Amino acid sequence: MPGDRLTDEDRRHIATGLAEGLGYTEIGRRLGRPSSTIMREVTRNGGPDDYRAQRAQEATKQRARRHRQAKPPAPPIGDSSHGRDPQAVQNVTESFATLLEQQGMPRMAARVLACLHVTDSGILTAADLVQRLHVSPASISQTVALLEQQGLLKRERTPGGRRERYVVDDELWVRSTLAALQMNETLAATSQRAAEILGTATPAGARFGLAAEFLLLVNASLGQVMEQWQQNQDERNAGNRS
């Protein structure tokens, strides 16, 4: 089949075709393979004048063995401070990243945010993230830009101002919830307007009307939660001062 790997028999047919002076297209046609496959096979195994089926087959086996024996990438680094088990910390990090990803966050963004979250300082540099996640600096840069745009982390300069570092703080989810409140308000207003334009008695208009009603109800509940949270924080701060 065209999508399968070349077999020993295929390679013998290729060698025979080359000996007969056939071109890559004709050899490919006889084998039911794209001519590009034949060309790559011949080029990396001696060229049309020096292609040998047995040697090509052995070279392919050696490449496959090297690929299987390649050392797997090192696992991300777990935090061993405070007597923590690094593997347990790593498991928590991966579980949290997976959960964020399941909620719709891009995979790399979820991994970066999880790495920051499990550090006591909530601060890592780009070099720290590259080392922990085993990815390129460019991947970190693009991901940080996305998270910063969504208000999920902040940038600041390291002492001396030579490098940037990325920060998550205790207000992360508060800011995220506030952003959700604002978005729900916008969606509710737009849905109400759409219901009026389409007609509240029509199926489409009624659908928008129900959406607006639900979003307003959600926002009312979230507003109460935010007020309760602020009250709890004020009481905690007052207790700390006393």
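**Thr 93.** I began with the side chain of Thr 93, one polar atom of which lies 2.8 Å from the backbone oxygen of Val 89. The model is predicted, and I read this distance as a computed value from that model. I then placed Thr 93 in the secondary structure and found it in helix H5, which covers residues 86–102. I looked up its exposure next: Thr 93 counts as buried because its relative accessibility is 8%, and the cut-off for buried is under 20%. I also listed the contacts of Thr 93, setting aside neighbours within four places in sequence; they are Ala 114, Cys 115 and Val 118.

**Residues 5–45.** I consulted the UniProt record, an unreviewed entry, which places "domain: Transposase IS30-like HTH" at residues 5–45. Over this stretch I noted 71% helix and 0% strand. I recorded a separation of 15 Å between its end C-alpha atoms.

**Surface patch.** I examined a nonpolar patch on the surface formed by Ile 197, Leu 198 and Phe 208. Together these residues have about 280 Å² of accessible area. I located Ile 197 in helix H9, residues 172–198. Ile 197 counts as exposed, since its relative accessibility is 60% and the cut-off for exposed is over 50%.

**Ala 211.** I found Ala 211 in helix H10, which spans residues 203–241. At 29% relative accessibility, I entered Ala 211 as partly exposed. I last checked Ala 211 against Tyr 166: the two are 45 residues apart in sequence, and their C-alpha atoms are 37 Å apart in space.

Conventions: Residues numbered from 1 in each chain as written. Predicted model: local features only at pLDDT ≥ 70, side-chain atom pairs only at ≥ 80, totals over all residues. Heavy atoms only, no water. UniProt positions renumbered as here; feature names shortened; annotations may be inferred. Helix = DSSP H or I, 4+ residues; strand = E, 2+ residues; numbered from the N terminus. Buried < 20%, exposed > 50% of the residue type's maximum accessible area, 1.4 Å probe, protein only. Polar contact = N/O pair within 3.5 Å; in protein donor to acceptor, adjacent residues only side chain to side chain. Contact = heavy atoms within 4.5 Å. Patch = residues over 30% accessible without salt bridge, like charges linked within 9 Å, V, L, I, M, F, W, Y side chains within 5 Å. Areas by Shrake-Rupley, 256 points an atom, 1.4 Å probe, with all protein chains shown as cover. Salt bridge = Lys/Arg side-chain N within 4 Å of Asp/Glu carboxyl O.
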